[in-house]
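Please read the following report alongside the sequence and the coordinates. It moves from the chain as a whole to aromatic rings, charged side chains and individual loop residues.

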Amino acid sequence: MLHAQGDHFVDRHPWLSVQQRTVLRALRRCRTAALGGHLDRCGACGHRAVSYNSCRNRHCPKCQAQARARWLAARERELLDVSYVHVVFTLPHTLHPLCRRNAALLYHLLFRASAATLLEVAANRRHLGAAIGFLSILHTWGQTLVRHPHVHCVVPAGGFSRDGQRWVHPKHAGFFLPVKVLSRVFRGKFVEALRRAYARSELDLSGATAVLRNRVHWHAFVNALFRTDWVVYAKPAFGGPAAVLRYLGRYTHRVAISNHRLVAFDGERVTFRWKDYRHDGPRCTMTLTAMEFLRRFVQHVLPRGFVRIRQWGYLTNHGRTARLALARRLLRCTPPMADAPSPPPTWSCPRCGAAMRLGPILTARQLAWACLGFDTS
C-alpha cells in the first residue's frame with residue numbers, strides 16, 4: 001500500500017512532521033533492495049539467495065521481533081515470584097484535540113500522572129501501605145486506529161514496607177488497589193499538571209484548539225474535565241513470571257496495526273480486522289480509503305526520542321539490582337537463571353535443506369552486482 005499510495009499521501013498532507021515522513025520512508029524501504037542486504041550461500045549445493053535488510057524502525061510491524069526478544073530477556077531477570085496486576089489509565093476523548101499538537105507533552109504527563117497515582121495510592125495504609133514498583137507501556141491507538149492514548153501498567157502485587165524490612169502483600173486475594181480512588185487521583189494529578197503547562201505557555205494552542213487561548217474558555221474546558229469519571233481499568237491478577245512474560249510479549253513492542261490484521265488492498269481502499277471491545281469483543285472488518293488509513297496510522301508516530309516503556313518505583317534504574325535482591329530475600333525466592341546465549345540465526349537451503357551461510361552486508365549496488373555474478377569483495 002505504501003508503494004502504491006505513499007508518495008500521493010505525502011504530497012496531499014504537507015502538515016506531516018519530519019518524523020512522520022521518516023517513518024513512512026523507512027517502512028517503504030524495509031526489506032527491499034534499497035536498504036541493501038546479504039547474499040547468502042548454501043555450504044552444500046552452492047545455492048545463493050538474497051536476504052534484504054530491515055529498517056529497524058520502532059513503528060514498523062515487521063521489525064519488532066528481535067527488539068522484543070532482547071527486551072524480554074532483560075525483564076525476565078527482574079521478575080519476582082508473586083502475582084502481577086494489569087492497570088490501564090486512559091485519557092478522555094475531550095483531550096484528544098490537544099494531543100494532536102502536544103503529543104510529547106501530554107503523553108509525558110500521562111506517564112507521570114498515572115505513575116504518581118499508583119505510587120501514592122499504594123503507599124496509603126488504607127489501601128496497601130507499601131512502596132511498589134512497576135513498568136508502564138504507552139499505546140496511543142484504538143482498534144480502528146483512532147487516537148486513544150492509554151498506559152498499560154504491569155505491577156507486582158505488593159511492595160516494601162516503610163522501613164524496608166518486610167514485603168507487604170495485598171490485603172485481599174484478587175484485589176490490589178481501588179479503581180475509583182485511582183481514577184479520581186489520576187484525574188486530579190493530570191489536570192493540575194495540565195494547568196501548570198498552560199500557565200507556563202507550554203501548550204501549542206493552534207488549529208482546532210485556538211479557542212482555548214482565551215482564559216475564560218480554557219477554565220471552562222478544564223472544569224468540564226471533572227464532570228466525568230476518567231477510565232482506569234484494573235484487570236484481574238494474572239499468574240507468575242511465565243504469564244507476565246507472555247503478556248509483555250504481546251504488548252511491549254506492538255505497533256498501531258500489525259500485518260496479520262490487514263485483509264485486502266485494491267489499490268484505493270484498505271480492509272482490516274478489528275475487535276469491538278465495547279460489545280464483548282466481536283471481530284469485525286473495516287474498509288477505509290488508503291489516504292484515511294495512512295492518516296490514522298501516522299498520528300501514532302511518536303516524537304523522535306520519546307521513551308514509550310518506562311519503569312517506576314523500586315524498578316527505576318538507580319539501585320534496581322539491590323532492591324530486587326532485597327525483594328527476593330524477603331520473599332524467599334531465588335533469581336531466575338540466566339539463559340545461555342542464543343546461537344547465531346541460520347536458515348535452511350530451499351533446495352537441499354542444508355544450512356545457509358550468512359554473507360557479508362552489501363549495499364544495494366553491491367547486491368545488484370553480486371546477483372549478476374560479479375565479485376564485490
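## Overall architecture

The chain contains eleven helices and 14 strands, and the model described here is a predicted one. Taken along the principal axes, the C-alpha atoms fill a box of roughly 75 × 60 × 40 Å. Of the 377 residues, 46% count as buried, and among contacts between residues at least 6 apart in sequence, 70% join residues that are at least 24 apart.

The exposed surface of the chain comes to about 20700 Å², of which carbon and sulfur atoms supply 53%. As for charge, there are 57 positive and 19 negative side chains, and the centres of these two sets lie 3 Å apart.

## Aromatic pairs and a cluster

The structure holds twelve aromatic pairs. One of them is formed by Phe186 and Trp230, whose rings are arranged edge-to-face, with 5.4 Å from centre to centre and 75° between the planes. This pair links distant parts of the chain, since Phe186 belongs to helix 6 (residues 179–199), whereas Trp230 is in the loop between helix 7 (215–224) and strand 8 (232–238), and the two are 44 residues apart.

Are the two partners buried or exposed? Phe186 counts as buried because its relative accessibility is 0%, and Trp230 is buried too, because its relative accessible area is 4%; the cut-off for this class is under 20%. Both residues also belong to one aromatic cluster, which is formed by Phe89, Phe186, Phe190 and Trp230.

## Arginines over rings

Two arginine side chains are placed over aromatic rings. Arg100 lies over the face of Trp15, at 5.5 Å from the ring centre, while the charged end of Arg310 sits over the ring of Phe306, 4.9 Å from its centre.

## The loop between helix 6 and helix 7

Ser206 is found in the loop between helix 6 and helix 7, and Arg213 lies in the loop between helix 6 and helix 7 as well. Which class of burial does each residue fall into? Ser206 is buried, because its relative accessible area is 17% and the class takes values under 20%. Arg213, by contrast, counts as exposed, because its relative accessibility is 55% and exposed residues are those over 50%.

With residues up to four places away in sequence not counted, Ser206 touches Arg101 and Arg213. Seen from the other side, and again leaving aside neighbours within four places, Arg213 is in contact with Tyr198, Leu205 and Ser206. Two C-alpha separations help to place these residues in the fold: Ser206 and Arg68, which are 138 residues apart in sequence, are 37 Å apart in space, and Arg213 and Leu109, which are 104 residues apart along the chain, are separated by 20 Å.

## Helix 10 and the loop after helix 3

Arg320 lies in helix 10 (residues 320–331). Although its side chain is one of those that count as positive, Arg320 is buried, because its relative accessible area is 14%. Which residues does Arg320 contact when its neighbours within four places in sequence are left aside? They are Arg75, Glu78, Gln311, Tyr314 and Leu315.

Arg77 is found in the loop between helix 3 (65–76) and strand 3 (84–90). This residue is partly exposed, because its relative accessible area of 48% falls in between the limits of 20% and 50%. Arg77 and Leu324 are 247 residues apart in sequence, yet their C-alpha atoms are 9.7 Å apart in space.

## Positive phi values

Two residues other than glycine deserve a look at their backbone angles: Arg31 has a positive phi near 55°, and Leu145 has a positive phi near 70°. Arg31 lies in the loop between helix 2 (18–29) and strand 1 (37–42), whereas Leu145 has its place in the loop between strand 4 (133–141) and strand 5 (147–156).

The surroundings of these two loop residues can be described by their accessibility. Arg31 counts as partly exposed, because its relative accessibility is 41%, while Leu145 is buried, because its relative accessible area is 0%.

Definitions and conventions: Residues are numbered from 1 along each chain as its sequence is written. This is a predicted model: local features need pLDDT of at least 70, side-chain atom pairs count only at pLDDT 80 or more; totals for chains, interfaces and linings use all residues. Side-chain values use heavy atoms; hydrogens and water are left out. Helices (H or I, at least four residues) and strands (E, at least two) are DSSP runs, numbered from the N terminus. Buried means under 20% relative accessible area, exposed over 50%, partly exposed in between (1.4 Å probe, protein chains only). Contact means heavy atoms within 4.5 Å. Accessible areas come from the Shrake-Rupley method with a 1.4 Å probe; for residues, only the protein chains shown count as cover. The place of a charge is taken as NZ of Lys, CZ of Arg, CG of Asp or CD of Glu. Rings of Phe, Tyr and Trp (its six-membered ring) pair if their centres lie within 6.5 Å; planes under 30 degrees apart count as stacked, over 60 as edge-to-face and the rest as tilted. A charge sits over a ring if NZ of Lys or CZ of Arg is within 6 Å of the ring centre and within 35 degrees of the ring normal.
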